[in-house]
Amino acid sequence: MGPLWLVVLLLVTESTRAHNTTVFQGVAGQSLQVSCPYDSTKHWARRKAWCRQRDEEGPCQRVVSTHSLWLLAFLKKWNGSTAITDDALGGTLTVTLRNLQDRDAGFYQCQSLRGSEADTLQKVLVEVLADPQDHQDTEGLWVPEESGSSEGVSVERSFSRSLSRETSFPPTSVLLLLAFIFLSKLLAASALWVAAWRWQKLGTLLASGLDSGYDTDHQLQTLTGLRSP
């Protein structure tokens, strides 16, 4: 990472203070996890998306979005090296950038979709740092400093972890899905029981009617036989 790029990166980081942008820093070649909290009471049933901006104020091009059925939003959905998952009840949208590269640096947005429109949940600036293991001499390695000039900017460092250890099923969403499945099965079982009970009652009534008709006919035939000479 050259000195000129570092200067530009510092200037961009400074400019994000006035635009409520959260900065996430990751190491090249590793995974970066971005978390976007939101108001679950307002956005819980909406699809979510992760989009990229060419510049801070430019249009946002969608990269990946959650499943069309919001009940399945907790399932991780991939587009290339980018994954998205939504904890609708907990109110947290999580985006994973795997095998981070320099080209991944830039401005992004977490969005809540409503029809053809989109609400911005959070603006994000992704910074890609050089892997310290690639440098024999670490004295010249640039490390961002948290000084007074960065007040107002939320800086989060996320380093790679084993993908098998990542939580793919947010607990709240899983509980919601299980409750929905259980309730559906309970309603279906109740409907089947009511239908079976009605059929059984109808059969009993029909059987009683037939038996009653048989007894009446038998009595009439007996009386007729007795009166005949």
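Which cysteine forms a disulfide with C36, and how far apart are their sulfur atoms? The partner is C110, and the two sulfur atoms lie 1.9 Å apart. The views below belong to a predicted model, and the legends return to this link after an overview of the chain.

**View 1. The whole chain, with its three helices and ten strands.** Followed from the N terminus, the elements come in the order α-β-β-α-β-β-β-β-β-β-β-β-α. The chain has 229 residues, of which 31% are buried, and it exposes about 14,600 Å², with carbon and sulfur atoms supplying 57% of that area. Among the contacts in the chain with a separation of 6 or more, 65% are made by residues 24 or more positions apart.

**View 2. The disulfide of C36 and C110, one of two disulfides that a search of the whole structure finds.** The link is right-handed, with 45° about the S-S bond. C36 lies in strand β2 and C110 in strand β8 (residues 106-114), so the pair ties together parts that are 74 residues apart in sequence. Both ends are hidden from the surface: C36 is buried, with a relative accessible area of 0%, and C110 is likewise buried, with a value of 0%.

**View 3. The disulfide of C51 and C60, whose sulfur atoms are 1.9 Å apart.** The torsion about the S-S bond of this pair is about 95°, so the disulfide is right-handed. The surroundings of the two cysteines can be described separately, since C51 is buried, with a relative accessible area of 0%, whereas C60 is partly exposed, with a relative accessible area of 26%. When the bonded cysteines are counted along the chain, the disulfides follow the pattern 1-4, 2-3.

**View 4. Q53 and the residues that surround it.** Q53 lies in strand β3, which covers residues 48-53, and this glutamine is buried, with a relative accessible area of 5%. A polar atom of the Q53 side chain lies 3.0 Å from the backbone oxygen of G58. If residues up to four places away in sequence are left aside, Q53 touches G58, P59, C60, F107, Y108 and Q109; among these neighbours is C60, which also forms the disulfide with C51.

**View 5. An open sheet of four strands in the order β2-β7-β6-β5, with antiparallel pairing.** The strands at the edges are β2 (32-37) and β5 (77-79), each of which pairs on one side only. From one strand to the next, the twist averages 20°. Within this sheet, strand β6 (residues 82-87) runs antiparallel to strand β7 (residues 92-97), and six bridges join the two; in one part of this pairing, D86 has L93 of β7 as its bridge partner.

**View 6. The edge strand β2 and its pairing with β7.** Six bridges join β2 to β7, and the two strands run antiparallel. At one position along this pairing, P37 stands opposite T92 in β7. The strand has two faces, a covered one with L32, V34 and C36, and an uncovered one with Q33, S35 and P37. The covered face therefore includes C36, the cysteine that is buried with a relative accessible area of 0%.

**View 7. Strand β9 and its two pairings, with β1 and with β8.** Seven bridges join strand β1 (residues 21-27) to strand β9 (residues 117-129), and these strands run parallel; G26 has V128 in β9 as its bridge partner. On pairing with β8, by contrast, β9 takes the antiparallel sense, over nine bridges, and R114 has E117 in β9 as its bridge partner. The hairpin of β8 and β9 has two residues between the strands, and in this hairpin G115 takes a positive phi near 70°.

**View 8. D102 in the loop between β7 and β8.** D102 is exposed, with a relative accessible area of 56%. Although D102 and G29 are 73 residues apart along the chain, their C-alpha atoms are separated by 9.2 Å.

Technical notes: Residues are numbered from 1 along each chain as its sequence is written. This is a predicted model: local features need pLDDT of at least 70, side-chain atom pairs count only at pLDDT 80 or more; totals for chains, interfaces and linings use all residues. Side-chain values use heavy atoms; hydrogens and water are left out. Two strands pair if DSSP finds at least two bridges between them. Axes are lines fitted to C-alpha atoms, for helices over the stretch in contact, and angles run from 0 to 180 degrees between N-to-C directions. A disulfide is a pair of cysteine sulfur atoms within 2.5 Å. Buried means under 20% relative accessible area, exposed over 50%, partly exposed in between (1.4 Å probe, protein chains only). A polar contact is a pair of N or O atoms within 3.5 Å; within protein, one must be able to donate a hydrogen and the other to accept it, and residues adjacent in sequence count only if both atoms are side-chain atoms. Contact means heavy atoms within 4.5 Å. Accessible areas come from the Shrake-Rupley method with a 1.4 Å probe; for residues, only the protein chains shown count as cover.
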